[in-house]
Amino acid sequence: MKGRRSARAPLIWLALALAICVPIALAAGSVQLAWRGPVYILAGFAGIIALGLVLVQPLLIGGYLPGLSAYRGRRAHQWIGGTLVLAVMVHVAGLWITSPPDMIDALTYTSPTPFSPFGVTAMWAIFTVALLALLRRRLGLRLRTWRIVHLPLAVVIVAGSVAHCLLIEGTMETISKAALCAAVLAATVKVLVDLWRRRTLRGESA
């Protein structure tokens with residue numbers, strides 16, 4: 001059993017790296033980049049990286065990445081969360097610089113593009129989680145309360161991010177984009193199901 005686990009560990013990390021890096025690499029080779037400015041390109045790739053980080057988060061909190069203890073997984077989850085916030089800020093700031101009117105429409109939910117409201121909703125959910133995490137001790141939020149607040153917001157982040165990505169016809173290659181979005185959804189569902197099972201077992205044992 002230990003041999004199988006040790007053999008699976010590098011495969012899991014390799015699969016994660018491919019799921020994130022392949023879409024980025026294929027987007028870097030898109031012909032559409034020839035008509036884009038550097039700020040717009042930076043904003044776009046920040047968005048792709050952000051989606052990759054959204055995939056990592058449930059894997060960390062669920063303990064599915066080998067070689068990481070529960071403590072290290074939680075710490076990495078926090079650091080990745082901060083990096084996710086930064087990536088989203090770069091994404092939004094870059095798009096604001098390149099087209100302020102479009103960003104105003106998006107932020108006010110008046111944009112005619114179907115992908116905008118999903119992205120903006122996911123953004124606000126990400127910022128809300130980050131702010132609550134920073135103020136958790138000051139607010140006196142217990143772990144149970146934090147989870148009750150965090151889980152629904154995480155679902156909003158995942159659903160909004162995936163819908164936002166799938167509806168955009170941009171530099172990302174279609175198949176790799178769909179695969180990354182499917183991985184994000186699968187990882188999130190897996191974590192939610194496992195958390196529900198753990199709580200059910202604890203309730204039965206109690």
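Does L11 count as buried, partly exposed or exposed, and at what relative accessibility? Keep that in mind as you open the model, which is a predicted one, and begin by selecting L11, whose place is in helix 1, a helix that covers residues 2-28. L11 has a relative accessibility of 56%, and because exposed means over 50%, L11 counts as exposed.

Next, keep L11 selected and add L14, L18, V22 and L26, since together these five side chains make a nonpolar surface patch of about 430 Å².

Now stay with one member of that patch, L26, which is also found in helix 1. The relative accessible area of L26 is 40%, and because this lies between the 20% limit for buried and the 50% limit for exposed, L26 is described as partly exposed. If you set aside the neighbours within four places in sequence, L26 is in contact with T171, E173 and S176, so these are the residues to display around L26. Then select I80 together with L26 and draw a line from C-alpha to C-alpha: the two residues are 54 residues apart in sequence and 23 Å apart in space.

For the last stop, go to Y109, which is found in the loop between helix 4 (100-107) and helix 5 (116-139). With a relative accessibility of 43%, Y109 counts as partly exposed. What is the sign of phi at Y109, and about how many degrees is phi there? Phi at Y109 is positive, about 60°, although Y109 is not a glycine. This is worth a pause, because most residues other than glycine have a negative phi.

How values were computed: Residues are numbered from 1 along each chain as its sequence is written. This is a predicted model: local features need pLDDT of at least 70, side-chain atom pairs count only at pLDDT 80 or more; totals for chains, interfaces and linings use all residues. Side-chain values use heavy atoms; hydrogens and water are left out. Patches are made of residues with over 30% relative accessible area and no salt bridge: like charges are joined within 9 Å, nonpolar side chains (Val, Leu, Ile, Met, Phe, Trp, Tyr) within 5 Å. Accessible areas come from the Shrake-Rupley method with a 1.4 Å probe; for residues, only the protein chains shown count as cover. A salt bridge is a side-chain nitrogen of Lys or Arg within 4 Å of a carboxyl oxygen of Asp or Glu. Helices (H or I, at least four residues) and strands (E, at least two) are DSSP runs, numbered from the N terminus. Buried means under 20% relative accessible area, exposed over 50%, partly exposed in between (1.4 Å probe, protein chains only). Contact means heavy atoms within 4.5 Å.
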